[in-house]
Amino acid sequence: MQEPLLDTYLHKGLRQKLVDELRTLGITNETVLNAINTVPRHFFLDTALERLAYENRAFPIAAGQTISHPYTVALQSQLLEVKPYEKVLEVGTGSGYQAAVLAVLKAKVFSIERQHELYKQMNNFAYLKTLNGIKRFYGDGFEGLPSFAPFDKVIVTAAAPYVPGKLIQQMKEGGIMIIPVGDEEQQMKKIVKTSNGYTEEIVGKAHFVPMLSGKQR
Ligand code: SAH
């Protein structure tokens, strides 16, 4: 993450091409595509990666973590069926890119990060401050944010070993959680909270860094 940066016609053109590619890959939600077209992904990466920022690839960020593929961000956002003013809990702030896309979708985002270095880096991220509706927390996503519950939606952006019970508890009935589960072989799951538990559906494969418990200084 480097600032200040410019969002030039070159970046905008590359972003439009990325959006066209996401469309061919099956992203159909125009609001989500518009959000991808709005957020300058190169702001979230090291300047050395500026020109590559609009390739459909994951990249390293600080603390040995990664910014997700644009396709993954678009897919999780689409599956989440975000509506304006919904409260969305994100586990794994990372670069802040997914949180920014959710904020452009007008969600009220509550994003947790366990790596202090990443959490701190976000404090000075001017672009993120221009977006309304992102609250960030340094903590362990397995615990969720009980004092801000219930959430309409939950998005987990690290591979969980199982569906965390506390996150289910903190959802509204009818709420959706999109979560990658597994370690080497990961499955993207769509969870819907019901009156007496939840339903789950496998919606694809995933490749995320692991969801780890506890905080990291
Ligand atoms: N959403 C991010 C993806 C970052 S990669 C983005 O758009 O860039 C996953 C992130 O999840 C990493 O930053 C990792 O530190 C974080 N993470 C892993 N386990 C976690 C946990 N239990 N609680 C909070 N964050 C966690």
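Biologist: In this predicted model, a nitrogen atom of the ligand lies 2.9 Å from a polar backbone atom of Gly92. What makes that a polar contact?

Modeller: The cut-off for a pair of N or O atoms is 3.5 Å. The distance to Gly92 is 2.9 Å, so the pair falls within that limit and counts.

Biologist: Which side-chain atom does a nitrogen atom of the ligand approach at 3.0 Å?

Modeller: An N or O atom in the side chain of Asp140 is 3.0 Å from a ligand nitrogen. Set against 3.5 Å, this pair is therefore a polar contact too. A polar backbone atom of Gly141 is 2.7 Å from a nitrogen of the ligand, so that pair also qualifies.

Biologist: How do you know whether the ligand is covered or open?

Modeller: On its own, the ligand has 580 Å² of accessible area, and the protein covers 99% of it. I conclude that the ligand is covered.

Biologist: And what makes a residue part of the shell around the ligand?

Modeller: One of its heavy atoms must lie within 4 Å of the ligand. The shell holds 27 residues, with Gly92, Ser95, Glu113, Gly141 and Leu212 the closest. By class they divide into 11 nonpolar, 12 polar and 4 charged.

Biologist: Why is the space taken by the ligand called a cavity rather than a pocket?

Modeller: A cavity is a place where a 1.4 Å probe fits but cannot get out, whereas a pocket is open. The ligand takes up the largest cavity. Strands β2 (66-67), β3 (87-91) and β4 (108-113), along with helix α4 (97-104), each give two or more residues to the ligand's shell.

Biologist: How many cavities of 30 Å³ or more does the search find?

Modeller: Just 1 in the whole structure. The largest cavity holds about 340 Å³ of space. Its lining has 31 residues, and Gly92, Thr93, Glu113, Thr157 and Ala158 are the closest to its centre. By class, that lining has 14 nonpolar, 13 polar and 4 charged residues.

Biologist: What about the open spaces: how much space lies in the largest pocket?

Modeller: About 250 Å³. Of its 14 lining residues, His69, Thr72, Ala206, His207 and Phe208 are the closest to the centre. Two or more residues come from each of β2, α3 (70-80) and β9 (197-206), and α3 gives the most, with 3.

Biologist: Which class leads in the lining of the largest pocket: nonpolar, polar or charged?

Modeller: Nonpolar, with 8 residues against 5 polar and 1 charged.

Biologist: Which element gives the most to the lining of the second largest pocket?

Modeller: Helix α2 (residues 30-38), with 3 residues. This pocket holds about 150 Å³, and among its lining residues are Asn29, Ser77, Pro84 and Lys106. The lining is made up of 5 nonpolar, 4 polar and 2 charged residues.

Biologist: One backbone point: how do you know whether the peptide bond from Ala149 to Pro150 is cis or trans?

Modeller: Its omega is near 5 degrees, and the bond is cis. Pro150 sits in the loop between β5 (134-138) and β6 (151-156).

Biologist: And what makes Ala63 worth a look?

Modeller: Ala63 has a positive phi, near 60 degrees, though the residue is not glycine. You will find Ala63 in the loop between β1 (59-60) and β2.

Notes: Residues numbered from 1 in each chain as written. Predicted model: local features only at pLDDT ≥ 70, side-chain atom pairs only at ≥ 80, totals over all residues. Heavy atoms only, no water. Polar contact = N/O pair within 3.5 Å; in protein donor to acceptor, adjacent residues only side chain to side chain. Areas by Shrake-Rupley, 256 points an atom, 1.4 Å probe, with all protein chains shown as cover. 1 Å grid on protein atoms, 1.4 Å probe; cavity = no way out; pocket = protein on both sides within 12 Å on 5 of 7 lines; lining within 4 Å. Sits in = over half its atoms within 2 Å of the grid points. Helix = DSSP H or I, 4+ residues; strand = E, 2+ residues; numbered from the N terminus. Nonpolar A, V, L, I, M, F, W, Y, C, P; charged D, E, K, R; others polar. Points joined across faces, edges and corners; volume = space filled by probe spheres on them.
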